[in-house]
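Let's work through a few exercises on a protein model. Take a look at the sequence and structure first, then try each task before reading its solution.

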Amino acid sequence: MAKESTTIDIGEPSTVTKSTSHAVVDEKKKSFVTAAAGGGYKRGLTIFDFLLRLAAIGITIGASSVMFTAEETLPFFTQFLQFQAGYDDFPTFQFFVIAIAIVASYLVLSLPFSIVTIVRPLAVAPRLILLISDTVVLTLTTAAAAAAASIVYLAHNGNANTNWLPICQQFGDFCQTASTAVVAASISVVFFILLIVISAISLKRH
Amino acid sequence: MKNESTVIDVPAESSSAMKGSAPLIGVARDHTTNGSGGYKRGLSIFDFLLRLAAIIAASVAAGTMFTSDETLPFFTQFLQFEAGYDDLPTFQFFVIAMSMISGYLLLSLPFSVVTIVRPLATAPRLLLLVLDTAAMAFNMAAASSAAAIGYLAHNGNQNTNWLPICQQFGDFCQKTSGAVVSSFVSVVFFIILVVLSGVALKRH
């Protein structure tokens, strides 16, 4: 085999230090020099994301079940008002129970995606999927929480102009339980906003 | 000046297995390709247009609810013969919230212009995404609570003896329902804005 050879003249090495990194090439693989600065804090963020999801699962399941079991039966008989109150007396509360239950199951299904982002902190597709679906679910949660809150407000205060009487004066326990469920759903809204912000920060380029 | 020299042996036959792999001395990510900046600029322009549309939707919602007064020509024994948005605290919250949302959208227009001019900057986009998420939640809260009250006004509630007032105040109910629908349209715009910002933040 004939070998060719060539001579390359290298000038005197300059005193300015070069900041290139050298990658060794074998026949079998290439190695890339990547900007590895982002790996550390992103993994911390994704672990926080996973823990937030677990907390949000707990809270949404709690909110839905508390509203579902919010019944009260009065021991006496009143002339105009029904002597039983439950969540199914209000279509808004029915919507609340169903919507928050859907949100809780979505959160359980999104846990694997969150684990994938922990294992692969630089992958973009799972984070984008989580961001988009978290936004949609945030909308649903806010809708359910706000609608139930307005009905609870009405039940507490009534409305003189429309002659809607405040029912909480008779059904105190039912009102308290329903209010607790609404507060829990609002906390889960805050968690969702945090989740979306975490996904956005993790998507950011460096 | 002392010259160093070195000898590099180049084999005459290069094996075909070596083809296709290039020695890397250092990888510089090319951030100046037109393709990456181009489609992000397109996303930013679409973002700006969506903001304009959302301003219109939010201000229409606030204005319609604000001017939804109705006075009945006759006198009824039990019900008031005037209805306005300030008779229901939820509708008051709706008007205030939608006005704040319109104001926020107007103030966010310069940031959107900045993302058009500098498509690769991430700080304005991240700021817009965070603020848009909060504004969307706020908007949805106002729209949804007003929708619940509107549903109650249309249908009443037998179990609590709350009478549907829409049977007397038809115009008032129509206008408030229109305002709520416009507010839901604004929420949809916000969702698209948040997703756009997320996609535009994406690395390559």
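Below are five exercises on this predicted model, each with a worked solution.

**Exercise 1. Work out how many helices and strands chain A and chain B have, and in which order they run.**

Start with chain A: it has four helices and three strands. Walking from the N terminus, you meet its elements as β-α-β-β-α-α-α. Now do chain B, which has four helices and three strands. From its N terminus on, the order reads β-α-β-β-α-α-α.

**Exercise 2. Find what percentage of each chain is buried, and how much surface each chain exposes.**

Chain A comes to 206 residues, and 45% of them count as buried. Its exposed area is about 10,800 Å², with 66% supplied by carbon and sulfur atoms. For chain B the count is 204 residues, 46% of them buried. Chain B exposes about 10,300 Å², and here carbon and sulfur atoms supply 66%.

Next, look at how contacts reach along the sequence. Take the contacts in chain A with a separation of 6 or more: residues 24 or more positions apart account for 77% of them. In chain B, among contacts between residues at least 6 apart, 79% join residues at least 24 apart.

**Exercise 3. Decide how helix α3 of chain A and helix α4 of chain B are oriented to each other: roughly parallel or roughly antiparallel?**

First, locate the pair: α3 covers residues 125-157 of chain A, and α4 covers residues 170-201 of chain B. Their axes come within 10 Å and cross at roughly 165°. Second, apply the cut-off: angles over 145 degrees count as roughly antiparallel. So α3(A) and α4(B) are roughly antiparallel to each other. Third, add the handedness, which is right-handed for this crossing.

Now see who does the touching. On the α3(A) side the contact uses A:L128, A:L131, A:I132, A:T135 and A:T139. On the α4(B) side it uses B:V187, B:I191, B:V194, B:V195, B:G198 and B:V199. Sort these residues by type and you get eight nonpolar, three polar and no charged.

**Exercise 4. Are A:D49 and B:I149 buried or exposed, and what do they touch?**

Begin with A:D49, which sits in helix α1 (residues 39-68) of chain A. Its relative accessibility is 3%, so A:D49 counts as buried. Skip the neighbours within four places in sequence, and A:D49 is in contact with A:S114, A:L195, A:I198 and A:S199.

Then move to B:I149, in helix α3 of chain B. With 1% relative accessibility, B:I149 counts as buried too. Leaving out residues up to four places away in sequence, B:I149 touches A:S150 and A:L154 from chain A, plus B:L88, B:T90 and B:F91 from chain B. For a sense of distance, the C-alpha atoms of B:I149 and B:A58 are separated by 19 Å, and these two residues are 91 apart along the chain.

**Exercise 5. What is the phi of A:N163 and of B:N161, and where do these residues lie?**

Here's the background: most residues other than glycine have a negative phi. A:N163 isn't a glycine, yet its phi is positive, near 60°. You'll find A:N163 in the loop between α3 and α4 (172-203) of chain A. At 36% relative accessibility, it counts as partly exposed.

Now check chain B. B:N161 has a positive phi of about 60° although it is no glycine. Its place is the loop between α3 (123-155) and α4 of chain B. B:N161 is partly exposed, with a relative accessible area of 36%.

Methods: Residues numbered from 1 in each chain as written. Chains lettered and ligands numbered in written order. Predicted model: local features only at pLDDT ≥ 70, side-chain atom pairs only at ≥ 80, totals over all residues. Heavy atoms only, no water. Axes fitted to C-alpha atoms, helices over the stretch in contact; angles between N-to-C directions. Helix = DSSP H or I, 4+ residues; strand = E, 2+ residues; numbered from the N terminus. Parallel < 35°, antiparallel > 145°, perpendicular 65-115°, else oblique. Left-handed = near helix turned anticlockwise from the far one by under 90°. Contact = heavy atoms within 4.5 Å. Nonpolar A, V, L, I, M, F, W, Y, C, P; charged D, E, K, R; others polar. Buried < 20%, exposed > 50% of the residue type's maximum accessible area, 1.4 Å probe, protein only. Areas by Shrake-Rupley, 256 points an atom, 1.4 Å probe, with all protein chains shown as cover.
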